[in-house]
Amino acid sequence: MGGRDVAAKTVDALERLTVAYRAFSQQMAGAQGLSPLQLQLLTVLAAGPPPAANVDALHRELQVTQPTVSDAVTALIGKGLVTRRRDPSDRRRFALSLTPAGRETADSIAAQRGELVSIVETLPEGERETVLNSLLLLIAHLHREGVITVARTCLTCRFHEMHDNGHHCTLLNTRLGTADLRVNCPEHLSA
Ligand code: SF4
């Protein structure tokens with residue numbers, strides 16, 4: 001019963017965070033003359049790959065439909081922030097990339113996002129690590145249940161092992177402290 005309460009309160013807390021992040025994201029997007037999805041696309045394109053810079057990979061990454069991503073990409077191209085060219089490695093696909101203006105906008109978004117990072121940084125270091133660990137654990141569970149479709153984190157990776165209660169990456173052959181755990185690892189392979 002108590003455990004169920006904690007689970008329900010955890011979902012309530014996630015909802016609060018989602019509402020707050022959505023509001024923050026809308027504010028950032030509005031300041032740049034973008035929709036929240038256009039802002040997400042610029043952020044993902046600036047950080048990646050992964051994911052691959054094409055509509056198919058991006059719609060899976062952001063868990064929205066392909067036509068929705070296509071429309072947002074068309075709008076970004078119209079705004080001069082993204083270009084689209086045929087992918088030389090797969091002629092059926094178009095590869096997307098940021099224009100210099102798109103890169104500048106993505107940098108400005110990253111700077112605004114830094115405000116949130118600064119707030120999280122005010123938590124004591126131990127608590128920050130506890131939060132990160134718990135979130136990665138939750139992401140792994142939600143991924144296993146199919147709620148989160150894409151997760152390139154250590155706890156969902158086939159190279160991740162626990163040794164003596166510590167995290168270990170068998171690919172990099174190194175022990176990982178909590179602060180070393182990755183949220184978007186380019187070497188990740190699904191477990
Ligand atoms: S390959 Fe990357 S995601 Fe996988 S365990 Fe190693 S560091 Fe973590």
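This is a short chat about one predicted protein model and its helices, loops, pocket and cavity.

Q: Before we start, what kind of model is this?
A: It's a predicted model, where local features need pLDDT of at least 70, side-chain atom pairs count only at pLDDT 80 or more, and totals for chains, interfaces and linings use all residues. Residues are numbered from 1 along each chain as its sequence is written, and side-chain values use heavy atoms, with hydrogens and water left out.

Q: Cool. How many helices and strands does the protein have?
A: There are 6 helices and 5 strands. Both are DSSP runs numbered from the N terminus: H or I with at least four residues for a helix, E with at least two for a strand.

Q: And in what pattern do they come along the sequence?
A: It reads α-α-α-α-β-β-α-α-β-β-β. The C-alpha atoms fill a box of roughly 50 × 35 × 30 Å, taken along the principal axes.

Q: Which residues does UniProt list for a domain?
A: An unreviewed UniProt entry gives "domain: HTH marR-type" for residues 7–140. UniProt positions are in the numbering used here, feature names are shortened, and annotations may be inferred rather than shown by experiment. Over residues 7–140 the chain is 72% helix and 11% strand, with the end C-alpha atoms 16 Å apart.

Q: Switching to loops: where are the cis peptide bonds?
A: One joins Gly 48 and Pro 49, with omega about -5°. Another joins Pro 50 and Pro 51, with omega about 0°. Pro 49 is in the loop between helix 2 and helix 3, and Pro 51 lies in that loop between helix 2 and helix 3 too.

Q: What is phi for Gln 63?
A: Near 55°, a positive value in a residue other than glycine. Gln 63 is in the loop between helix 3 and helix 4 (66–78).

Q: How far does helix 6 reach?
A: Helix 6 (residues 125–144) has 20 residues and reaches 29 Å from first C-alpha to last, close to the 28 Å expected at 1.5 Å a residue. The expected span is 1.5 Å times one less than the number of residues. Just after helix 6, Gly 146 has a positive phi of about 85°.

Q: How much space lies in the largest pocket?
A: About 2600 Å³. Of the 50 residues that line the largest pocket, Tyr 21, Arg 113, Leu 135, Ile 139 and Val 183 are the closest to its centre. Helix 1 gives the most to this lining, with 14 residues. The lining divides into 34 nonpolar, 10 polar and 6 charged residues.

Q: What counts as a pocket or a cavity, and how is a volume taken?
A: On a 1 Å grid over the protein atoms alone, a cavity is a set of points where a 1.4 Å probe fits but cannot get out, while a pocket is an open set with protein on both sides within 12 Å along at least five of seven lines; lining residues have an atom within 4 Å of a point. Grid points are joined across faces, edges and corners, and a volume is the space filled by probe spheres set on the points.

Q: Where does the ligand sit?
A: In the largest cavity, meaning more than half of its atoms lie within 2 Å of the grid points. That cavity holds about 130 Å³ of space.

Q: Which residues surround the ligand?
A: Among them are Cys 154, Cys 157, Cys 169 and Cys 185, where near means a heavy atom within 4 Å. By class, the shell has 7 nonpolar, 2 polar and 2 charged residues. Here Ala, Val, Leu, Ile, Met, Phe, Trp, Tyr, Cys and Pro count as nonpolar, Asp, Glu, Lys and Arg as charged, and the others, Gly among them, as polar.
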